[in-house]
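Reader: I want to learn how to read an interface between two chains. Where do we start?

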Amino acid sequence: MGLSNGVNIPEWLKKTGEDFCPSCAIGGGKGFIEKNIEAIASFIKDVLEPDGFADKNGLLQQIDPRARLLGVLLFMVAATLLKNALSIVLLLSLVVFIALASRVNIMVLLKRVLPALIFTLILILPTVFNFVTPGTSVVTIYKGETFYLYISKQGLEGMAVFLLRVLAMVSLLTLFLLTTGYPNVFRALQSFPIPKIFVIALSMTFRYVMVLIKIAEDSHFAKKARTIKPVTLKQSRDWLASRIWLIMERSMERAEDVYLAMTARGFDGDVKTMTVFEMKGIDYAWMGVSIFIFLLSAQL
Amino acid sequence: MHIPDGYLSPKTCGVLYAAMAPIWYLAARKVQKILQAKQIPLLALGAAFTFVIMMLNIPIPGGSTGHMVGGVVVASVLGPWAAVISLSLALTIQALLFGDGGITTLGANCFNLAFIMPFTGYYTYLVLSAGDASQKRRWIALFVAGYIAMNMAALTTAIQLGIQPYIAHLPDGRPLYFPYQLSVTIPAMGMSHILFFGFIEAIGTAMVVSYILKINKAILYKPETNPLRPLWIGLGILIIFTPVGLLAHGSPWGEWASEELITLIGYVPEGIQRLKGLWTSIMPDYNLPGFDTPRQSAFGYIISAAIGSGLIILIIYLAGKMWKR
Amino acid sequence: MPEPIFNIERVCYRYGGKYIGLKDITMQVHSGESLAILGANGSGKSTLLKIMAGLAFPEDGSINALGKPLTQDILSGEFAGFFRSKVGFIFQEPDVQIFCPTVWDEIAFGPLQLGIEKSEVRQRVDDTLDMLGIKALKDRQPHHLSGGEKKKVAIGSVLSLNPDILLLDEPTNGLDPRTQVWLFELLEGLRKFKKTIIMATHDLSIVEDIADRVIVLSENHTIVADSKPAEVLRDKDMLLKVNIIHEHTHRHGDVVHIHSHGPFARHDEH
């Protein structure tokens with residue numbers, strides 16, 4: 001029955017439309033395979049579609065990415081220095097103003113910031129009660145002979161300061177990311193006083209994350225396509241170990257290739273880049289404002 | 001596990017950035033010596049690898065899943081020094097490009113996850129698998145290494161968070177940054193990591209590295225002649241800094257007086273104090289003569305800040321002109 | 001005509017919700033067909049394959065497979081085991097697919113899951129190794145094999161389940177000519193026994209060898225042709241437009257001319 005070159009199709013493989021497995025059923029719910037596929041998909045989405053405010057012709061977008069990053073960092077440091085709720089609210093309104101002037105949708109900004117905010121809120125919620133922060137009672141929850149539970153004014157204030165600070169800082173960083181494309185983030189970093197080699201390694205890392213994540217994604221798809229029955233924990237782990245090994249082997253192979261390609265192009269370990277620092281009027285103005293805010297908050 | 005922006009006081013952030021600086025420098029030197037020019041792609045790919053495995057869920061008994069950090073896995077492949085750099089790169093990408101983790105707290109996060117973790121894990125593994133270890137002993141050694149490394153990183157994180165109320169508070173003692181004291185942060189971080197995250201890291205480390213050992217040992221990092229020597233130095237430092245040492249000193253658990261902590265980390269605020277002094281000499285007392293009432297002095301603050309920023313911008317502008325020529 | 005095994009209607013898909021991957025795809029596949037999905041890189045053919053395999057889900061439109069609507073819900077229920085054992089997917093890169101310690105384990109993985117008797121599993125694995133001509137490799141670690149050998153292991157790991165439908169993504173990529181010919185013969189053999197074969201490829205030269213129907217995807221991610229291979233190959237304008245063949249300038253002696261070129265093209269007349 002063989003074909004010309006001896007491809008010998010066995011009898012069982014000739015049967016079509018039979019041979020299914022009634023006991024085969026994958027339990028419902030999300031296993032780690034599905035979770036990982038989702039995580040990878042949402043990551044790829046983030047990279048492909050950074051909410052698209054980088055191309056808008058707004059305030060931040062017009063500022064040189066280097067000055068933009070430095071300014072945002074100064075604002076962030078200012079936010080850590082501030083000590084009372086009112087001053088942080090003022091800074092926050094400035095952030096909102098910058099966002100609006102940069103044509104960033106406030107709802108999008110808020111959506112990005114929300115997870116960090118909610119996490120922080122849950123984390124510090126207990127501090128409003130008197131057993132953590134005693135003080136003047138604002139809301140009495142229970143008052144008994146020996147047990148007194150209330151929400152204290154001091155606790156509320158403390159929570160407000162902490163939450164507002166986190167909100168301001170996360171918003172600032174998010175605002176920078178929303179208005180700056182990935183290539184510009186790396187361009188901005190190059191003019192910072194960090195070793196160039198580190199910046200090159202960073203952009204290389206970013207590029208190869210995408211390559212490796214594709215391997216990870218396909219591996220999960222392949223596993224899913226072949227899973228017809230729930231597998232044991234040990235099987236899952238062995239599989240995952242083999243995948244992580246695959247990703248690692250690929251990274252090592254690729255590192256070797258990249259090194260050879262770099263050497264072939266004349267790279268000897270010393271980085272030479274071309275960065276001409278040329279600031280425009282608006283860049284000076286932006287830097288001026290951010291330094292001003294920074295100095296002001298350092299005194300308050 | 002990543003400390004977000006706003007949780008740590010500027011002092012703490014500064015101290016930990018400062019602490020990482022020599023570590024990064026030393027790591028770069030060591031790596032250059034060992035890996036030569038191959039280092040950049042290798043470190044970058046190592047970082048990319050770390051980044052990807054940090055995204056993956058690992059199944060654990062009971063049907064639940066969790067993420068691993070992978071610090072010990074990376075250390076066993078690239079060696080602990082290169083792991084410092086690769087992990088730092090991965091954390092930086094997470095923070096700077098994806099807003100995951102903080103920028104101001106990056107020094108702290110690198111200290112915990114890119115320094116404490118790979119080193120404790122790597123050396124724990126070396127000690128436990130010393131000699132001619134069987135496959136089973138290696139597996140156990142890796143498991144324990146992952147477990148200890150994760151818990152040590154959690155401990156340093158808990159300490160960084162827990163000292164905030166002592167070192168940064170309002171005059172009436174209310175905390176300005178992370179509000180919980182060590183008596184809360186250490187047990188909380190401890191519980192979650194001793195019972196859950198530690199196991200994920202342990203299982204993850206053991207399964208991945210033992211798989212590598214089985215398939216292709218050659219890819220693993222081979223230490224220089226006497227890999228355990230730096231361990232003793234490291235252990236010495238740890239003994240000095242470890243809370244157990246402080247406990248032995250007589251303070252009750254988590255109830256350290258703030259003076260003690262201030263003496264512990266006091267040298268840096270002093271440095272900042274000196275910097276502050278430098279600034280005051282330029283702008284005496286942040287204030288201008290003739291502004292004495294509160295409202296006037298607020299106004300004075302604004303004016304002095306405006307003058308200060310104007311001066312700095314002028315310097316930048318002139319420097320830019322000169323560099324450009 | 002019997003009910004199609006795949007019924008795809010007005011399917012749209014976007015990568016990351018932004019970049020279009022597939023646009024308004026409507027097609028049917030019947031049992032026993034041998035179909036090539038032809039398109040340039042990035043035309044969405046791999047995505048289409050993944051949608052048919054129930055690995056990706058369309059944003060718009062619907063897909064029915066084996067008589068049921070293919071949704072995320074149904075594929076986390078009872079139907080999943082049946083569907084996955086019937087539909088085999090061979091990935092472009094064999095490495096992502098193979099994960100067992102030895103070649104033998106890899107091929108036995110599927111049948112063991114099916115709950116077949118041990119002795120029969122052994123028989124199946126031996127048959128499969130025989131058919132693929134890799135018996136000598138059975139105790140080797142798949143990682144250390146050559147690209148062609150890995151591909152064979154990946155194919156074996158899927159065939160040992162005896163799926164009725166075989167989805168292949170760029171099956172000839174990275175194969176040496178001999179292994180390619182071997183693959184054509186294998187697919188031809190499977191076709192004789194009523195297996196449905198669907199493959200995505202950008203390699204025009206293999207289409208006539210392995211398919212009796214070709215669907216061409218444009219770079220705009222829509223279907224621009226759906227017919228017999230010979231007919232598709234004749235339509236040079238269309239193939240040029242979808243970027244599967246290209247025009248180039250070259251010399252034959254003193255004559256310089258421009259003409260279209262597929263990877264297979266040969267020309268004797270100037």
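**Reading the interface**

Author: Start with one charged pair. In this predicted model, Arg174(B) and Glu157(A) join their side chains in a salt bridge, 3.0 Å from N to O.

Reader: How many salt bridges are there between chain A and chain B?

Author: The count is 1 salt bridge. Polar contacts are a separate tally: across the interface of chain A and chain B, 8 residue pairs qualify, both residues at pLDDT 80 or more.

Reader: Which elements give two or more residues to the side of chain A that touches chain B?

Author: Helices H2, H4, H6, H7, H8, H9, H10 and H11 of chain A do. H10(A) supplies the largest share, 20 residues.

Reader: How do the residues on that side of chain A divide by type?

Author: There are 59 nonpolar, 14 polar and 10 charged residues.

Reader: How many residues does each chain bring to the contact?

Author: Chain A brings 83 residues and chain B brings 67 residues. Next, look at area. The two chains bury about 7100 Å² between them, with 82% of it on carbon and sulfur atoms.

Reader: What does chain B expose?

Author: Chain B exposes about 14800 Å², and carbon and sulfur atoms account for 69% of it.

Reader: And the fold of chain B? What is its secondary structure?

Author: Chain B has 13 helices and 2 strands. Its length is 325 residues, and 52% of them count as buried. Then check contact separation. Among contacts in chain B with a separation of 6 or more, 71% come from residues 24 or more positions apart.

Conventions
Residues are numbered from 1 along each chain as its sequence is written. Chains are lettered from A and ligands numbered from 1 in the order in which they are written. This is a predicted model: local features need pLDDT of at least 70, side-chain atom pairs count only at pLDDT 80 or more; totals for chains, interfaces and linings use all residues. Side-chain values use heavy atoms; hydrogens and water are left out. Contact means heavy atoms within 4.5 Å. Buried area is the accessible area (1.4 Å probe) that two parts lose on being put together, summed over both. A salt bridge is a side-chain nitrogen of Lys or Arg within 4 Å of a carboxyl oxygen of Asp or Glu. A polar contact is a pair of N or O atoms within 3.5 Å; within protein, one must be able to donate a hydrogen and the other to accept it, and residues adjacent in sequence count only if both atoms are side-chain atoms. Helices (H or I, at least four residues) and strands (E, at least two) are DSSP runs, numbered from the N terminus. Ala, Val, Leu, Ile, Met, Phe, Trp, Tyr, Cys and Pro count as nonpolar, Asp, Glu, Lys and Arg as charged, and the others, Gly among them, as polar. Buried means under 20% relative accessible area, exposed over 50%, partly exposed in between (1.4 Å probe, protein chains only). Accessible areas come from the Shrake-Rupley method with a 1.4 Å probe; for residues, only the protein chains shown count as cover.
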